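Welcome! Have the sequence and the 3D view open, and work through the exercises below one step at a time.

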Amino acid sequence: MSIFHLRGIFRTPLMIKTVIFVLYFLCGTECSGQQMPDGFAIEPIHDELFERIKGKSFKKDCTTSRDSLRYIRLLHYDFNGIVRNGEMICNHRIANDIVEIFHQLYKARYPIERVVLVDDFNADDEASMAANNTSCFNFRYVAGTRIVSRHGLGLAVDINPKYNPHVKSASQAAPSQYRIDHNDLCYKLFIQHGFKWGGDWKHSKDYQHFEK
């Protein structure tokens, strides 16, 4: 139904805006009609969640708008083969990609040790990586610049970072059964969805990192 049909039913602009607002929150995403798999959801950043991230991943100088972010609920298998509830904040532009990718990983029982908000580590990236936490949004600038990083925009995801480090060269990365490479399912799914992989960078290797 178009906005013109709505005008024929609802007589005032305020009524139309109210209906659109309700539909938006019922959808939890851009009203694409996509059916969410069981255990997965895309939601706006509601007030309770915003209080949880404010001053942490959503820093005082954050230039990424709250409205541009989405809260993802998902399922994943940990390293012991146990199903876990995960959560992630990302940009609305990749929200559907994230659900589709992680649903495929879940169906394949792909092991991901932990998926919680970086705010559980007071938005400390080093602490989050040490805990092998898979995460996305954490506002920051590229070092030495005023350019917002892809993580700062919610457009980059780090997968099992403890076993997929950011190193200067491939020779510095110790072998691991959880290492992402070109044959890895995680790599294949992210690439299929138009992401770029840090493991393909020329001047350093960031095996955990996928960005769009």
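Two strands pair if DSSP finds at least two bridges between them. Helices (H or I, at least four residues) and strands (E, at least two) are DSSP runs, numbered from the N terminus. The model is predicted: local features need pLDDT of at least 70, side-chain atom pairs count only at pLDDT 80 or more, and totals for chains, interfaces and linings use all residues. Residues are numbered from 1 along each chain as its sequence is written, and side-chain values use heavy atoms, with hydrogens and water left out.

**Exercise 1. Trace the open sheet and its pairing.**

Start with the inventory: the protein has seven helices and eight strands. Three strands form an open sheet in the order 1-2-3, paired antiparallel. Next, look at the edges: strand 1 and strand 3 each have a single partner strand, so one side of each is left without a neighbour in the sheet. On average, neighbouring strands here are turned by 25° against each other, direction ignored.

Now take the pair of strand 2 and strand 3, joined by nine bridges. Arginine 73 has glutamate 87 of strand 3 opposite it, and tyrosine 77 has valine 83 of strand 3 opposite it. Finish at the hairpin of these two strands: five residues lie between them, and glycine 81 takes a positive phi near 75° there.

**Exercise 2. Check the length of helix 4 and find what covers it.**

Begin with the length. The expected span of a helix is 1.5 Å times one less than its number of residues. For the 13 residues of helix 4 that gives 18 Å, and the end C-alpha atoms are 18 Å apart, so the two agree.

Then ask which residues of helix 4 are buried. Buried means under 20% relative accessible area, exposed over 50%, and partly exposed in between (1.4 Å probe, protein chains only). Ala95, Asp97, Ile98, Val99, Ile101, Phe102, His103 and Leu105 are the buried ones. Their cover includes strand 1 (41-43), strand 2, strand 3, strand 4 (156-158) and helix 7. Just past the helix, arginine 109 takes a positive phi of about 60°.

**Exercise 3. Describe the nonpolar cores.**

A nonpolar core is a set of buried Ala, Val, Leu, Ile, Met, Phe, Trp, Tyr and Cys residues joined through side-chain atoms within 4.5 Å. The largest one has 33 residues, and Ile72, Ile98, Phe102, Phe190 and Phe210 touch the most other members. Two or more residues each come from strand 2 (69-77), strand 3 (83-91), helix 4 (95-107) and helix 7 (185-192). Helix 4 gives the most, with six residues. A second, separate core has 14 residues, including Ile53, Phe58, Phe137 and Phe139.

**Exercise 4. Work out the surroundings of histidine 209.**

First, place histidine 209: it is found in strand 8 (residues 209-211). Is histidine 209 buried or exposed? Its relative accessible area is 5%, so histidine 209 is buried.

Second, list the neighbours, where contact means heavy atoms within 4.5 Å. Leaving aside residues within four places in sequence, histidine 209 is in contact with His151, Ala156, Val157, Asp158, Lys196, Trp197, Gly198 and Trp201.

Third, look at the side chains: a polar contact of 3.3 Å joins histidine 209 and aspartate 158. Such a contact is a pair of N or O atoms within 3.5 Å; within protein, one must be able to donate a hydrogen and the other to accept it, and residues adjacent in sequence count only if both atoms are side-chain atoms.

Key:
Axes fitted to C-alpha atoms, helices over the stretch in contact; angles between N-to-C directions.
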